[in-house]
Amino acid sequence: MTIENDTRNHVADLYWLAFLLTGHEDLSIEIASDTAVSGDYASPFFSDWMRGWQRRLVIGRALTAIHDELADSARRTQLTRASSSAGGSVAPRNWSLNPGTSKADLQRALLAIDLFPRAVLLLGVFEGMRMEDAAILLKADSALIRKAQAIGLRELTDNLADKNSMEDQRGKKQVSQAPKKLCSWLRTTAVCH
């Protein structure tokens, strides 16, 4: 992979992270392009460190840009009963993404989740952020973060299950094929097609 392609993919990853957090395409393009800097660093170590830092900048800028929407969603989450949200069951401990889940499937499933639980899910599960750090960024207490994560995980599981059951109902056979490549997007183990 050329440096130019690597940089292009990195900027696309920053855009996708911003888009999943905000749900706004134009805003996400602005955030990703403002955050991306030259990929010509002196050493691979510094390059990797800088890319991790850029992800943190995208997260901070995205959350700042949607501050009011996020606060509204946090209030809705506070009022929601965690056990009754999404009407589904809790995902098993060993749950993982179906190998046939595409990036587009994951994006649709995530964007269908209300903003605050989605942000908690993205930060805690996909970005691996500590709960305490997510609570600070989202200006919420740890109980609300735990509740939002449970809601987000349940809704993500249900949204992905709904997608799979719709495909089964249409009579499509789910063809099992080798993944084309493992995706680095959002540090998931899903497969890009």
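**Exercise 1.** In this predicted model, determine whether W53 is buried, partly exposed or exposed, and then place this residue in its helix and its surface patch.

*Solution.* Start from the relative accessible area of W53, which is 40%. Buried would require a value under 20% and exposed a value over 50%, so W53 is classed as partly exposed. Next, locate the residue along the chain: W53 belongs to helix α3, which covers residues 44-65. Finally, look at the surface around this side chain, where W53 joins F45, F46 and W49 in making a nonpolar patch of about 490 Å².

**Exercise 2.** Establish how many residues of helix α6 are buried, and what follows just after this helix.

*Solution.* Helix α6 spans residues 115-126, and 10 of its 12 residues are buried, which leaves the helix mostly covered. The buried set includes the run from L115 through F116, P117 and R118 to A119, and F126 also belongs to this set. Just after α6, G128 adopts a positive phi of about 70°.

**Exercise 3.** Identify which element gives the most residues to the largest nonpolar core, and trace the contacts of L138.

*Solution.* The largest nonpolar core holds 37 residues, and among those touching the most other members are L21, F116 and L138. Elements that give two or more residues to this core include α1 (3-22), α3, α7 (131-138) and α8 (142-169). The greatest contribution comes from α6, with 8 residues. Then, setting aside neighbours within four places in sequence, one finds L138 in contact with L63, L70, F116, A119, V120, L123 and I145.

Definitions and conventions
Residues numbered from 1 in each chain as written. Predicted model: local features only at pLDDT ≥ 70, side-chain atom pairs only at ≥ 80, totals over all residues. Heavy atoms only, no water. Patch = residues over 30% accessible without salt bridge, like charges linked within 9 Å, V, L, I, M, F, W, Y side chains within 5 Å. Areas by Shrake-Rupley, 256 points an atom, 1.4 Å probe, with all protein chains shown as cover. Salt bridge = Lys/Arg side-chain N within 4 Å of Asp/Glu carboxyl O. Helix = DSSP H or I, 4+ residues; strand = E, 2+ residues; numbered from the N terminus. Buried < 20%, exposed > 50% of the residue type's maximum accessible area, 1.4 Å probe, protein only. Core = buried A, V, L, I, M, F, W, Y, C linked by side-chain atoms within 4.5 Å. Contact = heavy atoms within 4.5 Å.
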